Amino acid sequence: MNAVTSASDYAIELRDLRKSFGKTEIIRGANLAVRPGERVAIIGPNGAGKSTLFNLISGRLTPSSGEVLLNGQRIDGKKPYEINRMGLARSFQITNVFPKLSVFENLRCALLWTMGYRYTFMRFLSRLHDANARAEELLRMIQLQGKRDVLAVNLPYAEQRALEIGVTIAGGADVILLDEPTAGMSRAETKHFIEMIRQVTEGKTLLTVEHDMGVVFGLADKIAVVVYGEVIAFDTPEAVRANQRVQEAYLGSSVADAQAAGH
Ligand SMILES: Nc1ncnc2c1ncn2[C@@H]1O[C@H](COP(=O)(O)OP(=O)(O)OP(=O)(O)O)[C@@H](O)[C@H]1O
């Protein structure tokens with residue numbers, strides 16, 4: 001009985017996950033067990049299946065077989081909004097930001113949506129008050145206080161990405177999926193951004209798909225290496241860096257590149 005009521009050991013668990021497109025198996029028995037509060041970067045060669053894994057976890061795709069668990073509950077086969085309600089939020093690179101709303105309005109809108117504002121008018125008013133306070137807090141967390149009333153469309157790229165992170169975390173999900181959060185940013189912006197992500201995801205479980213080794217080693221507690229649809233290693237950055245199989249399959253050249261670039 002205890003097993004039913006006790007909290008799960010893992011925030012995200014993949015069990016022998018498989019996904020085929022037509023006759024081609026792309027995810028080929030992936031296993032992964034991420035503990036609550038861990039920050040995990042998923043890395044691997046182009047076409048290894050990283051985005052497909054993300055899509056399977058967030059419910060955009062249904063696995064051909066195997067299981068996906070969120071905090072111990074099966075989520076494979078559920079719809080993205082159901083998975084979101086169960087505590088998993090994924091960023092969709094700007095598309096979850098309303099361009100013609102201000103920064104503050106975007107945050108408040110995301111908050112009201114997740115607070116379920118649509119019940120009664122009285123409830124709406126009290127929730128509006130809560131949402132305003134929480135939106136101010138989020139604004140500080142993503143360091144856009146100075147841009148409070150600027151329309152999202154008029155923000156520079158890196159600040160749009162920061163707003164997108166704010167909108168993603170607004171619902172209070174405890175598992176956050178970010179797709180290449182610093183893609184397209186300068187080195188200085190990237191450094192600043194990683195620090196911001198670290199702060200706003202404190203205590204949460206974070207999964208990122210990432211190509212930039214500087215970001216990987218700056219952000220991740222653990223790295224999952226995906227090669228040819230399987231997780232071939234899941235360990236601390238130091239252990240993954242030293243892993244012979246990973247070196248051979250993928251990482252050697254990428255780490256060398258990152259080190260040469262001064263990360
Ligand atoms: N909907 C789909 N239908 C058919 N094939 C697909 C589909 N989605 C992905 N694939 C194929 O699955 C393989 C893995 O793609 P995926 O985008 O998951 O890899 P990735 O590791 O994220 O690559 P990258 O690092 O280049 O983004 C690729 O060969 C891709 O062409």
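# Notebook: a predicted chain with a bound ligand

**Entry 1, E210.** I began at E210, which counts as buried because it has 25 C-beta neighbours inside 10 Å. The model I consulted is a predicted one. I located E210 in the loop between β8 (205-209) and α8 (213-219). I then listed its contacts, leaving out residues up to four places away in sequence: E210 touches A41, I43, E180, V215 and V216. I also looked up its separation from I42. The two residues are 168 residues apart in sequence, yet their C-alpha atoms are 6.2 Å apart in space.

**Entry 2, I42 and the core.** I asked which residues touch the most other members of the largest nonpolar core. They are I42, L107, V216 and V225, in a core of 67 residues. One of these, V216, I had already noted as a contact of E210. For I42, I set aside the neighbours within four places in sequence and found contacts with K50, L53, L207, T208, V209, A224 and V226.

**Entry 3, the chain as a whole.** I recorded 10 helices and 10 strands in the secondary structure of the chain. The chain has 263 residues, of which 37% count as buried. Among contacts with a separation of 6 or more, I noted that 64% are between residues 24 or more positions apart.

**Entry 4, confidence.** I read a mean pLDDT of 87 for the chain, with 87% of its residues at 70 or more. Over residues 1-5 the pLDDT is below 50, and in the model this stretch has 0 contacts beyond near neighbours in sequence. For the complex, the predictor gives an ipTM of 0.95 and a pTM of 0.86.

**Entry 5, the ligand shell.** I next asked which residues stand around the ligand. I found F21, I26, G44, N46, G47, A48, G49, K50, S51 and T52. By class, the shell divides into 3 nonpolar, 6 polar and 1 charged. Helix α2 supplies the largest share of the shell, 3 residues.

**Entry 6, helix α2.** I therefore turned to α2, and checked which of its residues are buried. In this helix, residues 50-58, the buried positions are K50, T52, L53, L56, I57 and S58. K50 and T52 also belong to the ligand shell, and K50 and L53 are among the contacts of I42. After the helix comes G59, whose phi is positive, near 90°.

**Entry 7, the open sheet.** I traced an open sheet of 4 strands, in the order β2-β1-β4-β5, with antiparallel pairing. Its edge strands are β2 and β5 (73-74), each of which pairs on one side only. Strands of a sheet pair through backbone hydrogen bonds, either parallel or antiparallel. I then went through the pairings of β1.

- Strand β1 (residues 12-21) is joined to strand β2 (residues 24-34) by 8 bridges, and the two run antiparallel.
- Opposite R18, I found R28 in β2.
- L17 stands opposite A30, also in β2.
- E13 has A33 of β2 as its bridge partner.
- Strand β4 (residues 65-70) is antiparallel to β1, with 5 bridges between them.
- On that side, I12 has L70 of β4 as its bridge partner.

The hairpin of β1 and β2 has 2 residues between the strands, and within it G22 takes a positive phi near 60°. I noted that F21 and I26, which I had met in the ligand shell, fall within the residue ranges of β1 and β2 respectively.

**Entry 8, positive phi outside glycine.** Most residues other than glycine have a negative phi, and most peptide bonds are trans. I therefore looked for residues that depart from the rule for phi.

N71 is not a glycine, yet it has a positive phi of about 45°. I placed N71 in the loop between β4 and β5. Is N71 buried or partly exposed? N71 is partly exposed, because 19 other C-beta atoms lie within 10 Å, whereas a buried residue requires 20 or more.

Q143 is likewise a residue other than glycine with a positive phi, near 60°. It lies in the loop between α5 (121-141) and α6 (157-169). With 17 other C-beta atoms within 10 Å, Q143 is partly exposed.

Definitions and conventions. Residues numbered from 1 in each chain as written. Predicted model: local features only at pLDDT ≥ 70, side-chain atom pairs only at ≥ 80, totals over all residues. Buried ≥ 20, exposed ≤ 12 C-beta atoms within 10 Å, placed from the backbone. Pairing = 2+ DSSP bridges. pLDDT = per-residue confidence, 0-100. Contact = placed C-beta atoms within 7 Å. Near = placed C-beta within 6 Å. Nonpolar A, V, L, I, M, F, W, Y, C, P; charged D, E, K, R; others polar. Core = buried A, V, L, I, M, F, W, Y, C linked by C-beta atoms within 7 Å.
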